[in-house]
Amino acid sequence: MSVELFPLTEADGPEMIAANRAARGHHGDFASPCIDAEAFAAWLEVASAPANRTRIARTTEGELVGVFNVTQIALGNFRSAYLGYHGYPATAGRGLMTEAIGEVLRFVFTEVGLHRIEANIQPENMRSIALVKRAGFRKEGYSPRYLMIGGQWRDHERWAITVEDWTG
């Protein structure tokens with residue numbers, strides 16, 4: 001394995017802020033990651049809530065690959081959550097996000113105990129759609145004006161995978 005997952009911690013703040021600032025053009029209108037200490041503190045608070053798990057993906061050499069937010073985890077009969085993520089240009093194009101999302105699926109299905117996870121992706125975000133397709137997600141629908149990103153309500157496609165479909 002060349003990618004490992006780590007929980008988000010306060011110590012990650014300076015590196016994450018710097019990486020997010022450097023990646024602004026890479027993320028375009030598809031993500032709005034934190035770019036200052038105040039936004040990082042707010043994100044860390046949300047990420048630390050009991051119904052959320054945020055994982056940072058790094059290469060075994062320590063390079064930052066991406067961030068994966070598993071949110072609104074519901075257990076009981078539902079056993080489902082939402083997945084949001086973004087990668088970094090310094091490690092793009094090497095298959096590392098594909099490996100990382102595979103590790104995230106292993107984590108949510110075997111450690112968290114989920115049955116289903118859903119990713120909502122803007123239709124124009126072809127890299128993200130290709131990533132979830134490689135991971136085995138299936139398209140389930142379309143949601144107009146679903147999520148506010150960059151101050152605008154943006155349309156999204158709903159992609160999901162269940163533990164039965166996961167080939168991990």
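In which strand is the place of Asp-155? In this predicted model, Asp-155 belongs to strand E7, which covers residues 152–162. With a relative accessibility of 29%, Asp-155 counts as partly exposed, since that class lies between the limit of under 20% for buried residues and that of over 50% for exposed ones. Leaving aside residues up to four places away in sequence, Asp-155 touches Gln-122 and Pro-123, and also Tyr-142, Ser-143, Pro-144, Arg-145 and Tyr-146. Ile-73, by contrast, is 82 residues from Asp-155 in sequence, and their C-alpha atoms are 23 Å apart in space.

From the strand we turn to a pair of helices. Helix H4, made of residues 96–112, packs with helix H5, made of residues 126–135, at an angle of about 55°, the two axes being 10 Å apart. That angle makes H4 oblique to H5, and the crossing of the two helices is right-handed. On the side of H4 the contact is made by Met-97, Thr-98, Ile-101 and Leu-105, while H5 contributes Leu-131, Val-132, Arg-134 and Ala-135; sorted by character, the residues of this contact comprise 6 nonpolar, 1 polar and 1 charged.

The aromatic rings offer another view, with a count of 3 aromatic pairs in the model. In one of them, the ring centres of Phe-40 and Trp-43 are 5.7 Å apart and the ring planes stand at 85°, so the pair is edge-to-face, the cut-off for that class being over 60 degrees. Both residues lie in helix H3, residues 37–47, where they are 3 residues apart, or about one turn of the helix, and both Phe-40 and Trp-43 are buried.

Technical notes: Residues are numbered from 1 along each chain as its sequence is written. This is a predicted model: local features need pLDDT of at least 70, side-chain atom pairs count only at pLDDT 80 or more; totals for chains, interfaces and linings use all residues. Side-chain values use heavy atoms; hydrogens and water are left out. Axes are lines fitted to C-alpha atoms, for helices over the stretch in contact, and angles run from 0 to 180 degrees between N-to-C directions. Helices (H or I, at least four residues) and strands (E, at least two) are DSSP runs, numbered from the N terminus. Angles under 35 degrees count as roughly parallel, over 145 as roughly antiparallel, 65 to 115 as roughly perpendicular and the rest as oblique. A crossing is left-handed if the near helix is turned anticlockwise from the far one by less than a right angle, and right-handed if clockwise. Contact means heavy atoms within 4.5 Å. Ala, Val, Leu, Ile, Met, Phe, Trp, Tyr, Cys and Pro count as nonpolar, Asp, Glu, Lys and Arg as charged, and the others, Gly among them, as polar. Rings of Phe, Tyr and Trp (its six-membered ring) pair if their centres lie within 6.5 Å; planes under 30 degrees apart count as stacked, over 60 as edge-to-face and the rest as tilted. Buried means under 20% relative accessible area, exposed over 50%, partly exposed in between (1.4 Å probe, protein chains only).
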